[in-house]
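Hi,

Here is the structure I promised to pass on. Have a look at it first, and then read my notes on what turned up.

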Amino acid sequence: MQFVKPIAVIHTANNLKGGLQLAEFAGRLCYKSESKIEPGSYQKFLLMLIDKGHTSILEHCPIYITGRLGDMDEYSYNIATSHFSRHIIEKSKRNSNDDVFYIYSNLRVVCDVNPYLAKQLVMTSTMEGDEIWKKHGVSWFVPDFNHPFARMSAYITTLRSVVDDLVRERVQSMAVESTRWCDYSNNSKFEGITFCLPHWINYSIFDSCMKRFLADVKEANINKDKIDKLYDYEDIAFCLYQNTEAIEAKRCYHYIRASILDEILYNEAKDELKLPAQDAREYLFLGIKSEMYYTGYNEDWDNIIEKRLYDKYGKAHENMHMIMQKCKDHLDSIRVSQKAAQDDGTGKSASK
């Protein structure tokens, strides 16, 4: 059993290789196999997903290409006009074949248009894949730091209840830690179930309560059997809860106790009822830690923050406010740093 606090970190990729690495991270997050990531491992992993038809993960790899209409082949044009892409046309004063397209898309769109092209891009040895794009009449470009069609990804750790709300934002691309395929009874990999602290827990008081709980555990005669050990932990947490008057500390001990009980029921379902992880997950409560990779266009991020942080269409839950504030703070810092790099001349960006 472990406890974590909500976190959110924004990731960006301005070249193809960086985007492919983001897609691998998103895919491995679902199964908690990030330890298998190593230089170049994204190639085998993403090709496997394409062959299996699990292409939603490819949405986390941004694609930014530009070219004149007269030079673009049908694949590039179909990528540009996909419902899931965005594009800007720089109109020519001479003829339409000289119109310049700036295309903002993702690798799943490429795969839907031409799976062979997507596989070529995964296997390319260059940062932008320009030797491949050139054959299709386009080339890679880097969007402005604050362009509404630039894509941003957030690595989020939060409560399952917040994840359930975020997946309703259908404009976003998302990859979520799978309670179906993650076996939390596998202590060599997970060290028990991890729970995320909700907004009504005072962090400093929780840290003090955990310190007291662990001290009492150390002094107690704890059973070595996994399930019996958890029952002993629950007895200690219950005593601390019962003997505490201060409401904030009482909340902390109650949350510790509830988390232990949840772990007991999950492990009993696995070990004694012989249920596989995909069925034992029915015992997991909404306070379990869930990791999520969340990707979308800048303009969609701004809209989600308006709704989920500033309550544009009704008050969001405080746990949602917490994670959206963290997303906004880091998103703002990314935008500021990229603007500074652009102003200093160290950043590479296109005019669109």
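**Helix α1 and its surroundings**

The buried residues of α1 are Leu16, Gly18, Gly19, Leu20, Leu22, Ala23, Glu24, Ala26, Gly27, Arg28, Leu29 and Cys30. That is 12 of the 16 residues of α1, so the rest of the structure largely encloses this helix. Please keep in mind throughout that this is a predicted model.

In extent, α1 covers residues 16-31 and spans 24 Å between its first and last C-alpha, close to the 22 Å expected at 1.5 Å a residue. Both ends have a detail to show you. At the start of α1, a side-chain oxygen of Asn15 comes to within 3.3 Å of the backbone nitrogen of Lys17. Just after α1, Lys32 adopts a positive phi of about 55 degrees.

Which helix does α1 pack against, and at what angle? The partner is α2 (residues 41-52), at an angle of about 65 degrees and with the two axes 9 Å apart. The crossing of α1 past α2 is left-handed. On the α1 side, the contact is made by Lys17, Leu20, Gln21, Ala23, Glu24, Gly27 and Arg28; on the α2 side, Ser41, Tyr42, Phe45 and Leu46 meet them. Among these α1 residues, Leu20, Ala23, Glu24, Gly27 and Arg28 are also buried.

**The strands**

Strand β2 (residues 7-11) has alternating side chains: Ala8 and Ile10 are buried and point to one face, whereas Ile7, Val9 and His11 point to the other and are not buried. This strand runs antiparallel to β7 (residues 151-159), with 5 bridges joining the two. Within that pairing, Ile7 stands opposite Thr157 of β7.

There is also an open sheet of 4 strands, in the order β4-β5-β3-β6 and with antiparallel pairing. Its edges are β4 (86-90) and β6 (139-140); each has a single partner strand, so one side of each lacks a neighbour in the sheet. Further in, β3 (residues 62-68) pairs with β5 (residues 100-106) in the antiparallel sense through 7 bridges. As one example, Pro62 has Asn106 in β5 as its bridge partner. Helix α3 (residues 74-81) packs on this sheet, where it touches β3, β4 and β5, and its direction makes about 70 degrees with that of β5.

If you open the model yourself, the contact between α1 and α2 is where I would love to hear your thoughts.

Best wishes

Terms used:
Residues numbered from 1 in each chain as written. Predicted model: local features only at pLDDT ≥ 70, side-chain atom pairs only at ≥ 80, totals over all residues. Heavy atoms only, no water. Buried < 20%, exposed > 50% of the residue type's maximum accessible area, 1.4 Å probe, protein only. Pairing = 2+ DSSP bridges. Expected span 1.5 Å × (residues − 1). Polar contact = N/O pair within 3.5 Å; in protein donor to acceptor, adjacent residues only side chain to side chain. Axes fitted to C-alpha atoms, helices over the stretch in contact; angles between N-to-C directions. Left-handed = near helix turned anticlockwise from the far one by under 90°. Contact = heavy atoms within 4.5 Å.
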